[in-house]
Amino acid sequence: MEDLLGWFLVFIFLISLLGILSYQLMYLTDLEGDYINPYDSAAQINMLVFPEFFTQGTLCILFLITEHWFMFLLSLPYLYFNVRLYTRRQHLVDVTEIYSQLTWEKHLRLYKLCYLIILLVLCIFWLLWTVGRDKH
């Protein structure tokens, strides 16, 4: 039962990360279509950077605590990339250079989104595997 609860918590964290990244990507797309001004877009995106980093870090710790080593190893590159962005002070979107960095920022979030979708599919697989194993 504890394993099932662990996978359910991982599922919740992954869904929240997907929501955060989708929200950021929506603001970048609105900026590209000139539906929102750069200041509002950068403020909304920067507001969600630390919750994204915190959620990803918590997800890695959750994988470590629940002893899901394979998923922990799969989530480490994403965590390393976020830590590297933070240490290089490239984690926030700059209002003055947002148009020149728009393509890179969109690609960055799309790659993160695809990476998280792969983790979500694996999480759903392991969640269903655990449910099937517990029934027998």
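The following exercises, each with a worked solution, concern a predicted model.

**Exercise 1.** Determine how helices H1 and H3 are oriented relative to each other.

*Solution.* Begin with the two elements: H1 covers residues 2–32 and H3 covers residues 49–65. Their axes are 10 Å apart and form an angle of about 160 degrees. Angles over 145 degrees count as roughly antiparallel. H1 and H3 are therefore roughly antiparallel to each other. The handedness completes the description: the crossing of H1 and H3 is left-handed.

**Exercise 2.** Identify residues that form the contact between H1 and H3, and state how they divide by character.

*Solution.* On the H1 side, the contributors include Trp7, Leu9, Val10, Phe13 and Gln24. On the H3 side, they include Val49, Pro51, Glu52, Leu59 and Phe63. Sorted by character, the residues of this contact comprise 13 nonpolar, six polar and one charged.

**Exercise 3.** Relate the transmembrane annotation in UniProt to the secondary structure of the model at residues 7–26 and 110–129.

*Solution.* First consult the record: the unreviewed UniProt entry places "transmembrane region" at residues 7–26, 53–81 and 110–129. Next examine residues 7–26, which are 100% helix and 0% strand, with end C-alpha atoms 28 Å apart. Then examine residues 110–129: this span is 100% helix and 0% strand, and its end C-alpha atoms lie 28 Å apart.

**Exercise 4.** Decide whether Phe8 is buried, partly exposed or exposed, and locate Phe8 relative to Lys112.

*Solution.* Phe8 belongs to helix H1. The relative accessible area of Phe8 is 45%. Buried requires under 20% and exposed over 50%, so Phe8 is partly exposed. Between Phe8 and Lys112, the separation is 104 residues in sequence and 21 Å in space, C-alpha to C-alpha.

Conventions: Residues numbered from 1 in each chain as written. Predicted model: local features only at pLDDT ≥ 70, side-chain atom pairs only at ≥ 80, totals over all residues. Heavy atoms only, no water. Axes fitted to C-alpha atoms, helices over the stretch in contact; angles between N-to-C directions. Helix = DSSP H or I, 4+ residues; strand = E, 2+ residues; numbered from the N terminus. Parallel < 35°, antiparallel > 145°, perpendicular 65-115°, else oblique. Left-handed = near helix turned anticlockwise from the far one by under 90°. Contact = heavy atoms within 4.5 Å. Nonpolar A, V, L, I, M, F, W, Y, C, P; charged D, E, K, R; others polar. UniProt positions renumbered as here; feature names shortened; annotations may be inferred. Buried < 20%, exposed > 50% of the residue type's maximum accessible area, 1.4 Å probe, protein only.
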